[in-house]
Amino acid sequence: MGEKKGKVYLVGAGPGSIEYLSLRAYQLLGNADVLVYDALVDASLLDLVANNCLKLDVGKRGGKPSTPQNIINQILVKYCQEGKQVVRLKSGDPFIFGRSAVEINALRKEDCEFEVVPGISSALAAPLLTGIPLTDKVLSRCFAVFSGHEPNNLEWEALSKIDTLVILMGGRNIAEIVKRLQQHGRSQNTPIAIIRWAATAQQEVWMGTLETILKKVSGINLSPTVVVIGEVVGLRSFLEFETMYLRNPLKRALHSKKMAIHETEKSRSTHSQAVASKNLQLPLNGKTILVTRATGQSSEFKKLLSTSGANVIEMPALEIAPPSSWEALDNAIANLADFHWLILTSVNCVDYFFERLIARGKDIRALVNTKIAVVGEKTARSLKKRCLQPDFIPPNFIADSLIEHFPEALTDKKILFPRVESGGREVLVKGLTAQGAQVLEVAAYQSCCPQGVPPSAELALQSGAVDVITFASSKTVAFFYELAEKIFAENTEDTKSSLLSHCLEGVCIASIGPQTSKTCHSLIGRVDVEAQEHTLDGLHQALIEWVANCSQN
């Protein structure tokens, strides 16, 4: 058998949100062995690669430390020659100020196979997503796209005569650009729009003229931005593109307080997608859903929601880490032969137990005389990836069901139960013990609250852009409440107990099951959707049914 031949794919990631990624790019990311990506690539795209894919951040953002181009070239050649499928992921389109020609030249010199996959450039997407047409029968017969990185090298006399100008990488030189255009005859009343973080939840727009814009953006970091200059900018208010709406007085107050520093509008990044896919009738089309699973564990659920048309924003409300001590688990692993059953109630339990088993010099053969019970299909799938079939899966995917339907008498049975270090439910241990089992609980991992909230999630919550918040465990509810309290505390005079009920008015609270719902009621005050099947698939289906019911009422 011949050696596997490597190939490098130079892929355009589009302007930002995953919704604007091409199908070809999506397929390549899923099959990548190595991902080499730039700083402006949306973080959600990194979840599309396999867990064993090597991810290399090479920077390439103006004004920030980045990997030298010759090193990037060497990385691409190295992994290609090792037979890897390498995705070189660039924001926008790879041939619009993307240095792809340099990388292709390096690949050709080493006889490396490559393919270029186009992407939507922010030069086109940013104006569209803010309601600015680049051409118009009367106002704009042509447009030009150029980089504002080196204004001294541009032909300003020629550029000033073009109807519409689109400038990438011009934020740091905006004052010089404005000056040069006026020096070469462009009217000071010419409309201008500056669009920052286009096609993402952080998108912001500043509107003005060549005379007024510098005052409006004074002291603001304009990176990354797309600048549009020309009379067509004035059509934005005439066309009345949908902008991010605020659904109650408290949210409007929060938004006004936070954004009073400058005139800005937040464009809904899903607008273009909603229009384009309307005829497809995707069941979650146009809904913005905040996912609060553990860090690194939301990709599968996110794919489900995105495939159904939702705009997904991740807010990890849980961090998983090793236990404070391995001693108890190590002792249990040393005596596995003494246990009749091993109970695993989550993917985290599976991962940490078997990683520790291997670390202690053992493998799955150590479980030859021990039966395994799991809670949930996803836990079962995780176990099967380790070449093990569970001996028992309860029908309702919850711990209570495991006790009720356990397949054999528990009297004098020794059971090993690796679990979260603190904060887990006691019902399983109490139920098994009540039926005569001897249960040994050992800490396999610990869960804690993240230190902060991603800017996109914070902005979406404060501005009222979120339609649904999903919770897959009681701990995500508790930690979300803790994080949200920090976000909203300085913006309201309400007491802590009523805080989220005000701030989340009109937002659907979706729970994976009864125990999670109980915590939602306790902290948030309500649950709007509960999955009948207590799995992520079940939660996904429950949201589809909720949207369908809302549209009928």
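Thr288 lies in strand 11, which covers residues 288-291, and the model in which it is seen here is a predicted one. Because its relative accessibility is 3%, and buried means under 20%, Thr288 counts as buried. The side chain of Thr288 is also joined to that of Asn311 by a polar contact of 3.5 Å.

From this residue we can turn to the second largest pocket, whose volume is about 480 Å³. Of the 15 residues that line this pocket, Ile18, Glu19, Leu23, Ser306 and Thr307 are the closest to its centre. Two elements, helix 1 (23-30) and helix 11 (299-307), each give two or more residues to the lining, and helix 11 gives the most, with five residues. In chemical character, the lining of the second largest pocket divides into six nonpolar, six polar and three charged residues.

A further part of the structure is an open sheet of five strands, which run in the order 13-17-16-14-15 with mixed pairing. Its edges are formed by strand 13 (319-321) and strand 15 (371-374), each of which pairs on one side only. Neighbouring strands of the sheet are turned against each other by 30 degrees on average, with direction ignored.

Strands of a sheet pair through backbone hydrogen bonds, and this pairing may be either parallel or antiparallel. In the case of strand 13 and strand 17 (residues 438-448), the pairing is antiparallel and extends over three bridges. Within this part of the sheet, Ala321 has Gln446 of strand 17 as its bridge partner.

Technical notes. Residues are numbered from 1 along each chain as its sequence is written. This is a predicted model: local features need pLDDT of at least 70, side-chain atom pairs count only at pLDDT 80 or more; totals for chains, interfaces and linings use all residues. Side-chain values use heavy atoms; hydrogens and water are left out. On a 1 Å grid over the protein atoms alone, a cavity is a set of points where a 1.4 Å probe fits but cannot get out, and a pocket is an open set with protein on both sides within 12 Å along at least five of seven lines; lining residues have an atom within 4 Å of a point. Grid points are joined across faces, edges and corners, and a volume is the space filled by probe spheres set on the points. Helices (H or I, at least four residues) and strands (E, at least two) are DSSP runs, numbered from the N terminus. Ala, Val, Leu, Ile, Met, Phe, Trp, Tyr, Cys and Pro count as nonpolar, Asp, Glu, Lys and Arg as charged, and the others, Gly among them, as polar. Buried means under 20% relative accessible area, exposed over 50%, partly exposed in between (1.4 Å probe, protein chains only). A polar contact is a pair of N or O atoms within 3.5 Å; within protein, one must be able to donate a hydrogen and the other to accept it, and residues adjacent in sequence count only if both atoms are side-chain atoms. Two strands pair if DSSP finds at least two bridges between them. Axes are lines fitted to C-alpha atoms, for helices over the stretch in contact, and angles run from 0 to 180 degrees between N-to-C directions.
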